[in-house]
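Q: I would like to learn how to read contacts between domains and salt bridges. Please take them one at a time.

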Amino acid sequence: MPGLPGRTVAARVAVVGGGPGGLYAAALLKRLRPEREVSVWERGEPRTTFGFGVVFSDETLGGIEHADPEVYRELSAEFVRWDTIDVVRGGRVLTSGGHGFAALGRQRLLEILHRRCRALGVRLHPRTPAPPAAALARDHDLVIAADGVHSTTRAAHADVFAPHITSHRCRYIWLAADFALDAFRFEIAETEHGVLQLHGYPYARPRTGAAPGGDGGDGGPAAGASTIIVEAREEVWRAAGLDRCDEADSARACAGLFADALGGRPLRGNASRWTAFRTVTNERWSHGPIVLLGDAAHTAHFSIGSGTKLAIEDALALAACLEEHPTVARALTAYEAERRPVVASTQRAARASLGWFEDLAHYLRQPPRQFAFNLLTRSRRVTHENLRLRDAGFVAAVEREVGLPPHTPPMFAPFTLRGLTLRNRVVVSPMDVYSAEAGTPGDFHVAHLGARALGGAGLVMTEMVCVSPTGRITPGCPGLYAAEHEAAWRRITGFAHAASPGVAVGVQLGHSGRKGSTRLMWEGIDDPLPSGNWPLVAASPLPYRPGVSQVPRELDAAGLAEIREQFVSAALSAARAGFDLLELHCAHGYLLSGFLSPLTNRRTDGYGGDLAGRLRYPLEVFDAVRAVWPADAPMTVRISATDWAAGGTTADDAVAIAAAFAAHGADAIDVSTGQVVAHEEPEAGRSYQTPFADRIRNELGVPVIAVGAISSWDDVNSLLLAGRADLCALARPHLYDPHWTLHAAAEQGYEGPGAPWPAPYRAGSRKPPAGRADEPRPRLTLHTAGPGAPRGRPR
């Protein structure tokens with residue numbers, strides 16, 4: 001790491017907390033600047049630690065090796081390494097290889113870090129509670145609060161750090177077994193009370209030369225040692241009586257539940273108790289010279305093995321920033337800027353993983369191998385392609401189990417909805433292009449939708465097509481309320497069907513409600529028109545943006561009936577125009593969505609109140625449209641599965657809404673989120689909306705279309721093969737590349753019926769060479785075959 005010549009930033013450093021993150025930060029800071037004074041306070045015994053083993057990634061180990069080779073060498077001598085994961089359900093063991101793990105005992109890790117700190121001259125204060133951080137800050141340049149998930153420092157300055165702590169729905173307990181598992185093991189116990197799961201991994205290898213049953217030292221007994229975590233939903237934990245168990249009783253009960261995994265061996269604790277995992281975030285990580293590190297700043301669920309890893313990486317980044325910046329203040333700003341995106345990404349993966357385990361019971365209907373694949377890809381960090389590279393045989397077995405034709409990626413399997421069979425699972429998501437004239441789609445729509453139809457997707461959806469002039473969002477939105485509209489749409493569907501045989505074209509019907517009469521997106525999204533506004537209607541007289549948006553009129557009985565008939569008329573027109581599928585838009589805060597959300601529906605009549613009342617009008621519209629839409633043609637419904645706002649639609653509500661539409665004949669639910677209220681706070685990220693679709697599919701058994709930041713064909717294959725979705729809708733990738741689906745087929749070497757190239761384009765079905773770099777390289781050097789001479793060609 002580059003240093004600042006002639007100056008030591010943070011000459012006096014206090015570390016609160018003697019866990020791995022605090023000790024490693026202390027060692028690095030002292031190693032980089034031997035003249036620096038570094039002190040560590042730890043209120044417990046040096047050998048006392050919570051839990052048993054810790055797991056490191058190769059990436060983290062590479063950072064440790066570069067930053068402090070001495071620590072790395074000691075750690076390497078202790079590591080247990082393995083590369084397989086066993087998923088066990090109903091006594092059947094399914095093994096996936098090629099993963100690569102390294103673990104060691106947490107106590108061993110602390111001993112190594114204690115030795116390193118002492119050797120470097122760090123002042124250690126064991127069994128000594130640290131003075132308050134504010135007091136330490138008076139005579140130290142830097143105070144590192146590494147005092148864990150229950151950080152007293154964070155609590156003392158909560159007004160500045162602004163922590164947010166979320167408790168989750170499962171209870172878990174850390175235990176240990178005195179033998180070394182030979183793989184990372186996930187085992188499911190299905191009991192009369194519900195499902196419990198075991199997470200286990202080795203952390204100490206068997207010791208050679210020790211007497212049978214003897215102790216092999218602090219690294220574990222002679223037979224090695226494994227971490228065993230048992231987890232269950234709160235209600236299952238209580239029903240099983242585990243809430244009344246002390247440590248010894250819990251260890252015995254868990255050993256009985258997972259006797260096969262343990263070979264009848266007992267489990268032991270270490271001040272072990274059942275607890276609920278808490279996700280910690282903070283709006284700020286520093287306050288003057290005080291900085292949070294590790295669990296004090298952030299936590300990530302143990303199912304992705306990240307707590308110690310994140311703390312070690314925090315220490316590396318903090319030490320580097322102190323070397324690279326001239327002041328502590330600038331270093332702490334840089335540290336937070338560097339680490340926040342990394343931590344946020346890890347926490348998103350951790351939330352996906354913990355959510356999967358919370359809802360594990362929903363997946364028990366899946367075939368065994370698909371269940372294992374689903375578990376392995378639960379965090380979205382391991383994907384179909386990534387897993388195929390690690391263990392091609394395992395992925396091929398999963399694909400055979402779910403009935404995929406040989407050499408067919410999941411995305412290119414056909415899918416049938418009612419009388420319509422889609423050639424593949426890719427949907428061009430509805431995308432507003434605001435290019436219609438008086439509601440009539442024109443040449444731009446022919447080019448836009450025609451290009452996506454030629455691009456290979458199974459289903460191409462229109463943008464929201466409005467059922468009346470006053471139901472438009474903007475003056476540029478298309479409609480289906482005039483004869484010329486129907487003729488224009490017939491031209492588009494005719495072109496798509498003729499140019500790309502097998503493609504399906506769907507229409508999304510909707511009414512803007514309180515979000516209408518606004519400018520084109522690029523002129524000011526959701527801003528009212530400067531002139532020529534039309535009156536708005538909605539479930540309740542609530543403007544979308546108070547003080548900015550027009551106040552809509554609350555619909556009365558006559559207005560509700562009129563709009564319902566407008567939907568019916570548009571559906572009849574859509575059938576004549578040649579559409580293959582109709583989607584009813586009940587999402588994103590438009591009219592029908594406005595009835596569903598308690599934030600936008602304040603009615604006191606039969607169309608408001610509880611969820612059944614709020615569903616009444618959208619279901620009436622659905623029933624009326626379904627009655628006139630061709631019997632063999634499918635209908636789908638797009639919903640916002642959450643409003644991302646307090647008091648709004650919840651994930652539980654979304655399941656109930658989906659169930660209601662399915663009961664009325666919806667063939668699939670298109671599961672989106674948000675855009676219902678302007679003050680929403682979405683938790684955006686890669687594939688961030690897909691868990692809502694996953695839950696609806698696996699809880700209700702209803703086909704779903706997953707949307708939301710799905711950007712790669714690998715993500716699509718992963719979601720489909722895991723059984724989290726039936727179809728995947730992508731928007732921005734199709735704006736970037738109209739031929740996204742065909743290019744995905746080419747990149748995967750697929751040439752089957754799921755991705756037919758239009759005859760005029762077949763010559764382009766191979767990726768063209770990138771340039772001279774692709775040419776064969778000549779031999780330009782001569783190597784002799786003498787002893788020690790290098791062999792082969794230079795690279």
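Q: How many residue pairs are in polar contact between domain 1 and domain 2?
A: There are seven such pairs between domain 1 and domain 2, both residues at pLDDT 80 or more. A polar contact is a pair of N or O atoms within 3.5 Å; within protein, one must be able to donate a hydrogen and the other to accept it, and residues adjacent in sequence count only if both atoms are side-chain atoms. This is a predicted model, where local features need pLDDT of at least 70, side-chain atom pairs count only at pLDDT 80 or more, and totals for chains, interfaces and linings use all residues. Residues are numbered from 1 along each chain as its sequence is written, and side-chain values use heavy atoms, with hydrogens and water left out.

Q: How many salt bridges are there between domain 1 and domain 2?
A: Side chains of opposite charge can pair when their charged atoms come close. A salt bridge is a side-chain nitrogen of Lys or Arg within 4 Å of a carboxyl oxygen of Asp or Glu. Between domain 1 and domain 2 the count is zero, while the whole structure has 42.

Q: Which residue forms a salt bridge with R169?
A: The partner is D359, with the closest N and O atoms 3.1 Å apart. R169 is partly exposed at 35% relative accessible area, whereas D359 is buried at 14%. Buried means under 20%, exposed over 50%, and partly exposed in between (1.4 Å probe, protein chains only).

Q: Where is the salt bridge of D667?
A: D667 pairs with R418 at 3.0 Å, N to O.
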